[in-house]
Structures are given as structure tokens and as C-alpha cells.
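Work through the exercises below with the sequence and the model open. Try each task before reading its solution.

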Amino acid sequence: MASIIAASPSISARQSITPLTTSQIDQFTPYTYYASAGYCTNTQTLAWDCGTNCNANPEFKPVASGGNGDSVQYWFVGYDPTLDTVIVSHQGTDPEEILPLITDADFFLTNLDSTLFPGISSDIEVHNGFGDAQASTATDVLAAVESTMSTYNTKSVTMVGHSLGAAITLLDSVGNQAFANYVDANVHLTHINNEEDPIPICPGMFLGFVHPAGEVHIEDSGEWAACPGQDNPSTQCIIWDGDESDHDGPYNGVEMGC
């Protein structure tokens with residue numbers, strides 16, 4: 001999946017494809033480093049000692065972390081006093097590992113766990129693989145978020161992730177039309193797609209999967225284009241020639257990984 005930021009810096013009305021200013025692009029950088037830090041071990045993030053990714057947000061207060069980097073993706077939760085928000089980040093993965101999960105012939109659309117999503121409509125369906133990955137840490141992550149909100153007296157929560165981490169963060173582009181509509185109605189979302197990275201468009205729309213609105217596409221020229229609506233068909237937004245080497249970035253100079 002593309003790098004995702006939920007509850008991120010606002011972008012002006014998405015009525016037409018517009019380039020982001022340098023200032024708007026720079027607002028994403030702290031969150032990009034948090035997404036990259038998701039690749040670091042749970043021990044590193046809990047100590048907030050993970051090199052460049054941690055040094056980029058030196059005031060961050062880690063609260064909890066988990067995962068093993070294998071069967072369960074790493075994750076961490078904490079508070080950023082500069083941004084006054086809880087940060088939730090999930091580990092991503094490389095294209096060779098995520099593509100089989102996305103395109104495996106055995107995948108199917110399934111309802112969300114009603115225990116984790118009480119009251120959710122049965123019309124909303126997600127990719128079973130990503131749904132299972134999200135469910136494996138959901139209870140621990142939610143407890144950490146609630147604890148952090150209470151400790152630091154904040155109501156803002158920002159979820160970030162790259163690649164598989166993005167899918168776990170919000171199950172982006174791994175749900176049906178009803179899911180995309182639900183996200184658009186309830187979450188402020190920005191998903192950033194880098195140049196010709198093919199991962200964000202898998203699984204395909206022809207299989208019933210739909211992106212929520214909020215795409216920002218980094219063009220080959222370096223321009224960041226805000227693409228309105230769901231799965232905008234403009235040539236400034238859609239990916240024509242997939243190149244997996246674009247998957248890890250750079251995102252305004254930030255390469256994903258620990």
C-alpha cells in the first residue's frame with residue numbers, strides 16, 4: 001500500500017487536481033518519519049532509539065510497542081507534544097512479500113470483526129489477509145491509544161504506515177465500495193503514492209476493491225498532486241507503468257526503513 005496518514009495535515013478542497021506547495025509537502029515529513037520508524041524493532045521504538053527516524057521527532061513520548069517483525073508486524077504508540085496527537089505506527093514490508101498477500105488467489109472479501117468494529121454495517125467488506133493482520137494487534141493498540149490519550153489529555157489520534165503497515169493502519173484499498181464510503185464519511189485520510197509504485201493499485205478495482213478519497217500522487221517530475229475523489233482516473237493520479245523500486249520512496253527525501 002501507499003504511505004498513509006490519517007488525521008494528517010489538511011489539504012484544501014479536492015475539487016480539482018492541484019499541486020501541493022512546498023509548505024504543504026513539508027507538513028507531512030514528521031508523519032513520514034513515524035511511518036518509517038514502524039520498520040524498527042519494538043525494543044528500539046519503545047526506547048525511542050532508532051537513528052534518523054527517531055531523531056527526526058526528538059520530543060516523541062513512546063508509550064507501548066509490540067509485534068515480532070515476523071508473524072506479527074511491529075507497531076508502536078506514543079504522544080507527540082509538538083503536534084499534540086497520539087501517533088500509531090505499523091511496520092511495512094517489501095514488495096516481494098506484500099504482493100503475494102495482495103494477489104493470492106485464495107483471498108476474499110469478508111466482513112469486519114464485530115467485536116473490534118461494533119455496529120459496523122454488514123455491507124462493509126475488506127481483504128481477509130489485511131483484516132486478519134489488523135485484528136492480530138488491534139486490542140493491544142487500542143488499549144495503548146486510550147492510555148496515551150488519557151495520560152497526555154489529547155483527543156487527536158494520527159495513524160501512519162507504509163506498505164503493509166498502511167493496510168493495517170486503515171485497511172486502505174483493501175475494502176469494497178461500502179468500506180471506501182465509510183472511510184470517506186468518518187476519517188480524514190491522506191494516502192501518498194510515489195511515482196510508479198504498483199502496490200497501491202493492488203488488488204485491482206476489477207475485483208471489487210476501492211480506494212477511499214484522499215490520494216496525493218508524487219509525479220515523476222517531483223510534483224505532489226492532490227487527486228480528488230475515489231480512484232481518480234486522471235493520468236496525474238493513475239499508475240501506468242509499475243516500478244517496484246518506487247515503493248520505498250523517497251517521500252520528500254525520506255526513504256522507508258529502519
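The exercises go from the whole chain to one helix, one strand and one side chain.

**Exercise 1. Confidence and overall make-up**

Task: State the mean pLDDT of this predicted chain and find the stretch where the pLDDT is below 50.

Solution:
- Start with the average. The model is predicted, and the mean pLDDT of the chain is 87. A value of 70 or more is reached by 88% of the residues.
- Now look for the weak stretch. Over residues 1-14 the pLDDT is below 50. In the model this stretch still has 75 contacts beyond near neighbours in sequence.
- Count the elements. The chain holds eight helices and eleven strands.
- Check burial. Of the chain's 258 residues, 53% count as buried.
- Finish with contact range. Take the contacts between residues at least 6 apart in sequence: 67% of them join residues at least 24 apart.

**Exercise 2. Helix α6**

Task: Compare the expected span of α6 with the distance between its end C-alpha atoms, then locate its kink.

Solution:
- Helix α6 covers residues 128-152, which is 25 residues.
- At 1.5 Å a residue, α6 should span 36 Å. Its end C-alpha atoms are 35 Å apart, so the two values agree.
- Next, the axis. A kink of about 50° is centred on Ala138.
- Then burial. Ala138 is one of the buried residues of α6. Others on that list include Phe130, Gln134, Thr137, Val141, Ala144, Val145 and Thr148.
- Relate this to helix geometry. An α-helix has 3.6 residues a turn, so residues three or four places apart point the same way.
- Last, the exit. Asn153 follows α6, and its phi is positive, near 50°.

**Exercise 3. Strand β9**

Task: Which residues lie on each face of β9, and are they buried or exposed?

Solution:
- Strand β9 spans residues 189-194, and six of its six residues are buried.
- Split the faces. Leu189, His191 and Asn193 lie on one side. Thr190, Ile192 and Asn194 lie on the other. Both faces are covered.
- Find the partner. Four bridges join β9 to β10 (residues 215-218), and the two strands run parallel.
- Pin down the register. Ile192 stands opposite Val216 in β10.

**Exercise 4. Asn193**

Task: Which side chain makes a polar contact with that of Asn193?

Solution:
- Place the residue. Asn193 is in strand β9.
- Test burial. The cut-off is under 20% relative accessible area. Asn193 has 4%, so Asn193 is buried.
- Identify the partner. The side chains of Asn193 and Glu215 are joined by a polar contact of 3.1 Å.

Note on methods
Residues are numbered from 1 along each chain as its sequence is written. This is a predicted model: local features need pLDDT of at least 70, side-chain atom pairs count only at pLDDT 80 or more; totals for chains, interfaces and linings use all residues. Side-chain values use heavy atoms; hydrogens and water are left out. pLDDT is the predictor's confidence in each residue, from 0 to 100. Contact means heavy atoms within 4.5 Å. Buried means under 20% relative accessible area, exposed over 50%, partly exposed in between (1.4 Å probe, protein chains only). Two strands pair if DSSP finds at least two bridges between them. The expected span of a helix is 1.5 Å times one less than its number of residues. The bend at a residue is the angle between axes fitted to the seven residues ending there and the seven starting there. A polar contact is a pair of N or O atoms within 3.5 Å; within protein, one must be able to donate a hydrogen and the other to accept it, and residues adjacent in sequence count only if both atoms are side-chain atoms.
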